Amino acid sequence: MTIELRSDTFTKPTPAMLEIMFSATVGDDVFEDDPTVKELEEKTAQIFGYEAGLFCTSGTMTNQIAINVHVRQGDEVICDALSHIYLYEGGGIAANSLASVNLLQGNRGRLTAEQIVEAIQPDNIHHPITRLVSLENTVNKGGGAYYDLSEIQKIKQVCLENNLPLHLDGARIFNALVETKESPLEYGKAFDSMSICLSKGLGTPIGSVLLGTKTFIKQARRVRKRLGGGWRQAGYLAAAGIYALDNNVNRLVQDHARAREIGKIMEQLPEVEEIYPVDTNIVIFRLNDKILSSDYVQKLHEKGIKAATFGKHLVRFVTHLDFTDEHLEEFRNKIIK
Ligand SMILES: *Cc1c(COP(=O)(O)O)cnc(C)c1O
């Protein structure tokens with residue numbers, strides 16, 4: 001048995017999800033004529049209290065479209081140095097939007113309102129114009145750390161006072177919400193745009209949804225087309241998203257419980273120097289400086305456990321829908337032996 005813990009994107013659709021996909025009613029989404037895509041967009045928008053949604057291929061695409069709509073050439077985006085939008089989107093802020101970044105050092109990728117106030121550029125021709133603040137929740141590179149809504153509301157206040165839109169990279173927002181029990185509607189109010197991934201913990205084969213006002217989504221649809229992201233009978237994929245929102249959100253707590261167990265197992269190993277607090281479904285640990293993460297990941301692989309390197313001495317495990325209690329027991333046996 002191989003144990004897949006490289007990412008929560010490795011999940012495969014269940015028979016029930018596939019069945020729903022097979023029977024979807026579809027149309028041409030470029031013509032806004034796919035009823036299942038519309039249903040997914042409306043459903044996601046309603047959950048977070050937004051006017052409209054746009055179904056896209058990936059979270060990179062929803063983030064990059066949002067940034068492109070919010071900023072202009074030469075503007076600055078404030079985000080944490082660990083942000084996915086900065087580290088893992090191929091330099092897209094620069095390449096797609098000709099914009100600059102102001103990278104802040106947060107606490108495991110989480111920023112405070114005070115840090116953002118400090119970072120906003122004064123109105124002076126030497127500086128780029130601060131045009132957007134982007135937060136990530138949960139923070140992938142921060143080991144699945146999540147925000148308190150109260151801090152986000154303070155950040156929102158700063159943004160309002162400075163006339164700045166606030167974007168959320170909510171690739172794993174449901175992982176945060178099942179922990180905090182905060183309401184998605186309250187959450188949605190704090191942001192001007194949100195990106196939500198369906199292909200991570202929610203277990204669909206593909207897809208993310210961008211949320212915003214009707215005007216924002218109309219502009220986003222144009223950018224999506226320009227990037228080559230206009231698609232046709234995408235309803236087959238949207239059907240999986242609808243199924244996932246109905247069935248796979250509350251179960252995320254199980255992924256978190258199993259991740260915490262993994263944390264406890266790894267903690268006992270002499271080569272593990274430090275484990276980030278396991279807040280959601282991500283476990284990041286640091287090996288002692290004599291061991292390279294690439295060598296360690298190779299050794300795990302030989303034992304039948306797949307992990308991701310996350311820095312020279314950092315290794316990441318991510319739990320997900322296809323990682324069950326049986327897998328956890330098998331993991332324990334493989335690691336302890
Ligand atoms: C996975 C992820 C994304 C989107 O990734 P895609 O592979 O493009 O769907 C965005 N932000 C974060 C924090 C992620 O973990």
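**Exercise 1.** Determine which residues Tyr-187 is in contact with, leaving aside its neighbours within four places in sequence.

*Solution.* Take contact as heavy atoms within 4.5 Å. With the neighbours within four places in sequence left aside, Tyr-187 is in contact with Asn-137, Tyr-147, Leu-149, Ile-152, Leu-168, Ile-173, Leu-177, Glu-182 and Met-194. The model used here is predicted, so that local features need pLDDT of at least 70 and side-chain atom pairs count only at pLDDT 80 or more, whereas totals for chains, interfaces and linings use all residues. Residues are numbered from 1 along each chain as its sequence is written, and side-chain values use heavy atoms, with hydrogens and water left out.

**Exercise 2.** Place Tyr-187 within the largest nonpolar core, and identify the helix that gives the most to this core.

*Solution.* A nonpolar core is a set of buried (under 20% relative accessible area, 1.4 Å probe, protein chains only) Ala, Val, Leu, Ile, Met, Phe, Trp, Tyr and Cys residues joined through side-chain atoms within 4.5 Å. The largest such core has 50 residues, and those touching the most other members are Ile-116, Leu-135, Ile-173, Tyr-187, Phe-191 and Met-194. Helix H11 (residues 235-247) gives the most to this core, namely 6 residues, where helices are DSSP runs of H or I with at least four residues, strands are E runs of at least two, and both are numbered from the N terminus. A second, separate core of 24 residues has Ala-259, Leu-269, Ala-307 and Ile-335 among its members.

**Exercise 3.** Describe the polar side-chain atoms that Thr-60, Asp-169 and Lys-200 place by the ligand.

*Solution.* Begin with the shell: 13 residues surround the ligand (a heavy atom within 4 Å), and the closest are Gly-59, Thr-60, Asp-169, Arg-172 and Lys-200. Next, consider the individual atom pairs, for which a polar contact is a pair of N or O atoms within 3.5 Å. A polar side-chain atom of Thr-60 lies 2.6 Å from a ligand oxygen atom, and one of Lys-200 lies 2.9 Å from an oxygen atom of the ligand, while a side-chain N or O atom of Asp-169 is 2.6 Å from a nitrogen atom of the ligand.

**Exercise 4.** Locate Lys-181, and decide whether this residue with positive phi is buried or exposed.

*Solution.* Lys-181 lies in the loop between helix H8 (173-180) and helix H9 (184-189). Although not a glycine, Lys-181 has a positive phi of about 60°. With 68% relative accessibility, Lys-181 counts as exposed (over 50%).

Key
Polar contact = N/O pair within 3.5 Å; in protein donor to acceptor, adjacent residues only side chain to side chain.
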